[in-house]
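The exercises below concern aromatic rings and the groups that lie around them. Please work through each task with the structure open before reading its solution.

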Amino acid sequence: MAVSTSPALTPALARAALALAAEASAQDGVGALSEQARLRLAPDSPSSDPSADPSADTRPRTADTGWLHLVDVVDGELRGYAALDDPAGDAPAAEIVVAPGARRRGSGSALLAGVRAAAEAPPLFWAHGFLDPARAFAAAHRLSVRRELWRMSVTAADLAATVGDDPADVPLPEGFRLRTFTPAYGEAWLAVNAAAFADHPEQGRLGPADLRARTEQPWFDPAGFLLVEDVRDERAPRLAAFHWTKIEEGLGEVYVVGVDPAYQGSGLGGAVTRAGLAHLRSRGVPEVDLYVDGDNAAAIATYRRQGFERVALDVQLG
């Protein structure tokens, strides 16, 4: 079984990988790839044919910086796909997905070996949902849990006990104001996001292309991308905190909340979180989800006070 490794896929192979991931997600009841991986596979054109033969289109796509794609193609059919993020870094992260009809035929093991060969440091492997087959695969390859990512959820009815439905009603410390995102804030947001998530292996590495890719998604709504500015010096307002919310397939999400480290302890994190939750309530979503690292006890305690409880688990294995 031959696994190919490349910084760029042909458009047809990228479409085939997205289709494979969608098939696996439908089979397993959990997303097969992260949003970041799916965005890296986004088709070049909305008119691209998702049913195209993966070997038919050989035009190269633009290579991804700091990203490798691994594919297992047999007789023109894509059987398995792996994404390797930051292969030259200290903690490369990989995701592997195998077509439901091709499982237990060695594709997953071959892709795992390919990832290990391509990474300069021992990689970590995401297991979304950490389902029984993933547990068995981990045991067979002597992989253990190195990181937990919790998905927490709350119903809108339970959220109503602690949050209103108008972001403007959430009190902020004196000298701060709430506004919504515009492209003019892109550079400032990237700087605050990088500072707030300096130790986060994924979020802290987002760049201009990552921000643009997300703001071009069908779900993006600038009204749900809330910013808190420090306007105590009106001549030089400064972005201090943000809450980017998301509504997709009718469900709300606390997409990401960040506070500039210079403003830690000011209460802005809690205030902007409540403002974002109020925005989601105002849109009538029945449920709100979020993702949080399992070792972030302070954040988990904060979210539990809002009624959130853990409903699913992703892990990184190594």
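**Exercise 1.** The charged end of which residue sits over the ring of W219?

Solution. In this predicted model, the residue to find is K246, whose charged end sits over the ring of W219 at 4.8 Å from its centre. Another charge over a ring is that of R310, which lies over the face of W150, 4.9 Å from the ring centre.

**Exercise 2.** Count the aromatic pairs, then classify the pair formed by W189 and F242.

Solution. Taking ring centres within 6.5 Å as the criterion, the count comes to 13 aromatic pairs. For W189 and F242 the ring centres are 5.3 Å apart and the planes stand at 65 degrees, and because planes over 60 degrees apart count as edge-to-face, this pair is edge-to-face. As a next step, place the two residues along the chain: W189 belongs to helix α6 (residues 186–196) and F242 to strand β9 (residues 238–248), so that the pair links distant parts of the chain, 53 residues apart. W189 and F242 are both buried.

**Exercise 3.** Classify the pair formed by W244 and Y255, and state which strands hold these residues.

Solution. The ring centres of W244 and Y255 lie 5.1 Å apart with their planes at 80 degrees, so this pair is edge-to-face. Since W244 lies in strand β9 and Y255 in strand β10 (residues 251–259), the pair ties together parts that are 11 residues apart in sequence. Both W244 and Y255 are buried.

**Exercise 4.** Which residues do ring pairs link into a cluster with W244?

Solution. Ring pairs link W244 with F181, W189, W219, F220, F225, F242 and Y255 into a cluster.

Terms used: Residues numbered from 1 in each chain as written. Predicted model: local features only at pLDDT ≥ 70, side-chain atom pairs only at ≥ 80, totals over all residues. Heavy atoms only, no water. Phe/Tyr/Trp six-rings, centres within 6.5 Å; stacked < 30°, edge-to-face > 60°. Helix = DSSP H or I, 4+ residues; strand = E, 2+ residues; numbered from the N terminus. Buried < 20%, exposed > 50% of the residue type's maximum accessible area, 1.4 Å probe, protein only. Lys NZ or Arg CZ within 6 Å of the ring centre and 35° of its normal.
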